[in-house]
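Hi everyone, thanks for making time for this. I'd like to walk you through one chain, so please keep the sequence and the model in view while I talk.

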Amino acid sequence: MGWVIITAVFAGLLAAPAPACSVAMCLGGGVEFRPEVAIKVIHAQHSRPGVSVTIIRSGGDGATLFSGTTGPNGDVLVPRLEPGEYWMNVEFLGISAAYHCFHVARRPSWKAKRKVKYEWGHWATDTLRIGGELVDSQPGNRVAVPIAGAVVMLQDPRTGEIKRTDSAEDGTFSFDASPETVYVLRIAGGTTGRSYEPTSLLVRLAARAPLQRLRLLREDTCGEPVLRIASSSY
């Protein structure tokens, strides 16, 4: 049996801060897996080693039942699981390739997966350049406040190379980067009088992109400040 590509219901959920009020629900027990399942992760049509795969028991104590890392061929084998419901997180450089529930039946059906494949980097936001501005949309303030002094890092997942800069007084930042490449963009700190959790986002430098540049907006969602890429192009 060949590899089955699964588009997870919550894939990409961890690529950005999830709103505090969001609730991940497992409908119908999720995908059916065999008790022993092989996981493969790819990126840009190549195997992706070093990806962490974690399986947690659904409900109850929420115990971690498996934690492993993909090898040189992007594969990891999950040993035999008892019948039940589980959550799987497939993550690399703080960005999730998949986060979804699944179940193992006492008597596996013909639909039960024994080999599954995930693509890391599929959920990147396309932009014409790796640069833009950080702004804070504060409650009661009609004008967005620039976030100055934030540490902004750009990591190339192919080489591990990290570039770093700080956002300027007007909240702007920029990097020189290669085209048609997916990067991990990390943002932490900054001065506006409010704090937020360090954020990791996926961006792709593309010749044809809807965004001229990035606008990273910090706003209150469910009572907590979170950082996200604004959907508007400018």
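**The strands and their partners**

Let's begin with β4 and strand β7 (residues 84-92), which pair in the antiparallel sense over six bridges. When I say two strands pair, I mean that DSSP finds at least two bridges between them. Strands here are DSSP runs of E with at least two residues, helices are runs of H or I with at least four residues, and both are numbered from the N terminus.

A quick word on where this comes from: it is a predicted model, local features need pLDDT of at least 70, side-chain atom pairs count only at pLDDT 80 or more, and totals for chains, interfaces and linings use all residues. Residues are numbered from 1 along each chain as its sequence is written, and side-chain values use heavy atoms, with hydrogens and water left out.

Back to β4, which covers residues 52-57 and also pairs with strand β5 (residues 64-69), antiparallel, over five bridges. A good residue to click on is T54: opposite T54 in β7 stands N89, and opposite T54 in β5 stands S67. β4 and β5 form a hairpin with six residues between them, and in that turn G59 has a positive phi of about 75°.

Now follow β7 onward. β7 and β8 pair in the antiparallel sense over nine bridges, and F92 has I95 in β8 as its bridge partner. This hairpin has two residues between its strands, with L93 in the turn at a positive phi of about 55°.

How much of strand β8 (residues 95-104) is buried? Eight of its ten residues are, where buried means under 20% relative accessible area, exposed over 50%, and partly exposed in between, using a 1.4 Å probe and protein chains only. β8 also pairs with β2, this time in the parallel sense over two bridges, and V31 stands opposite F102 there.

One more hairpin: β13 (residues 148-155) and β14 (residues 162-166) pair antiparallel over five bridges. Q155 has I162 in β14 as its bridge partner, and G160, in the six-residue turn, has a positive phi of about 85°.

**One cysteine**

For the cysteine fans, C26 sits in the loop between β1 (4-5) and β2 (31-43). Why does C26 count as partly exposed? Because its relative accessibility is 23%. Leaving aside neighbours within four places in sequence, C26 is in contact (heavy atoms within 4.5 Å) with E85, W87 and C101. C26 and S58 are 32 residues apart in sequence, and their C-alpha atoms are 8.9 Å apart in space.

**The whole chain**

Stepping back, how many helices and strands does the chain have? There are zero helices and 19 strands. Of the 234 residues, 43% count as buried. Among contacts between residues at least 6 apart in sequence, 64% join residues at least 24 apart.

And that's my tour, so let's go to questions.
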